Amino acid sequence: MGYFHLGMFQRVWLGGSDMEVTGSICDVSSQAQREKLISTIFSEFGGKLNILINNVGTLISKPTLDFITKDFSLIMGINFESTYNLCQLAYPLLKALVARSIVFLSSVVGVVSVSSGSLYGATKGAMSHLAKCLACKWAKNNIRVNSVAPLVIRTPLVELYIQKFSETIICRTPMGCIGEPEEVSSLVGFLCLLASSYITGQTFYIDGGMSVNGFFYHETLIEKNSQASSQS
């Protein structure tokens with residue numbers, strides 16, 4: 001994303017209001033750029049930070065035996081190393097305020113197995129566990145740390161995946177639909193509010209019931225199989 005896109009998003013976020021919104025571009029795979037980002041935040045907000053949301057992530061879908069060292073470094077660096085390091089760098093700024101919140105965007109594939117996603121799932125599982133560790137370690141500083149773990153959400157990153165596997169996703173999801181971005185952002189927003197002040201160290205699954213599913217298949221698949229059986 002370039003500064004043109006950043007400016008465009010800022011106008012969307014403002015929506016005609018008189019709020020002040022600032023933005024910065026950062027390649028989180030770069031240690032130097034992560035440090036520069038936190039330095040910019042320090043300058044913009046007087047050395048204080050209320051909320052840190054680790055939302056960046058990437059995905060390479062391959063069979064486990066096809067991953068190479070470069071893939072491992074890329075996915076682990078963007079999904080997990082950047083999260084870990086940004087927490088380290090932001091800690092002094094978060095500590096400077098009374099009530100603070102960190103939210104990780106993990107994934108349901110960090111707790112259940114999916115095809116072609118072993119490396120991605122490993123990074124997301126690590127994020128959810130890191131949330132537990134930091135929640136306990138930093139509770140004395142009133143820093144709450146939680147993790148949000150969505151299933152497939154309708155975003156540009158996974159649009160092609162949805163087109164290819166939507167029927168499979170829906171049939172294994174009791175609610176029978178693909179998640180929408182607003183269903184994730186509303187929970188993230190809540191976890192940043194004082195209304196959630198006694199919640200820390202938790203992982204919340206936004207998956208339409210998929211992670212608790214045993215042998216339940218959505219009605220659409222049952223009806224499809226019934227029709228196929230009656231025609232045979």
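A residue counts as buried under 20% relative accessible area, as exposed over 50%, and as partly exposed in between. This cut-off is used below for the charged residues of a predicted model. Glu81, at 41% relative accessibility, is therefore classed as partly exposed.

The sheet comes before the charged pairs. Strands of a sheet pair through backbone hydrogen bonds, in either a parallel or an antiparallel manner. Here four strands make up an open sheet, ordered S1-S2-S3-S4, and their pairing is parallel. Strand S1 (51–54) and strand S4 (203–206) are at the edges; each has a single partner strand, so one side of each has no neighbour in the sheet. On average, and with direction ignored, neighbouring strands of this sheet are turned by 20° against each other.

At the S1 edge, the parallel strands S1 and S2 (residues 100–105) are joined by four bridges. One residue pair can be picked out here: Asn54 has Phe104 as its bridge partner in S2. Helix H3 (residues 69–95) packs on the sheet and touches S1, S2 and strand S3 (143–150). The direction of H3 makes about 175° with that of S1.

Helix H3 also brings the account back to Glu81. The side chain of Glu81 meets that of Arg34 in a salt bridge, with 3.4 Å from N to O. Because Glu81 belongs to helix H3 and Arg34 to helix H2 (residues 31–44), this pair ties together parts 47 residues apart in sequence. The two partners fall into separate accessibility classes: Glu81 is partly exposed, whereas Arg34 has a relative accessible area of 0% and is buried.

In total, the structure has three salt bridges. Another of them links Asp71 with Lys62, whose closest N and O atoms are 2.7 Å apart. In this pair the acidic residue is the buried one: Asp71 has a relative accessible area of 8%, while Lys62, at 24% relative accessibility, is partly exposed.

The remaining salt bridge is formed by Glu180 and Arg154, with 3.1 Å between the closest N and O atoms. Glu180 is in the loop between helix H5 (159–171) and helix H6 (181–191), and Arg154 is in the loop between S3 and H5, so the contact ties together parts that are 26 residues apart in sequence. Glu180 is partly exposed at 30% relative accessibility, and Arg154 is partly exposed with a relative accessible area of 34%.

Key:
Residues are numbered from 1 along each chain as its sequence is written. This is a predicted model: local features need pLDDT of at least 70, side-chain atom pairs count only at pLDDT 80 or more; totals for chains, interfaces and linings use all residues. Side-chain values use heavy atoms; hydrogens and water are left out. Two strands pair if DSSP finds at least two bridges between them. Helices (H or I, at least four residues) and strands (E, at least two) are DSSP runs, numbered from the N terminus. Axes are lines fitted to C-alpha atoms, for helices over the stretch in contact, and angles run from 0 to 180 degrees between N-to-C directions. Contact means heavy atoms within 4.5 Å. A salt bridge is a side-chain nitrogen of Lys or Arg within 4 Å of a carboxyl oxygen of Asp or Glu. Buried means under 20% relative accessible area, exposed over 50%, partly exposed in between (1.4 Å probe, protein chains only).
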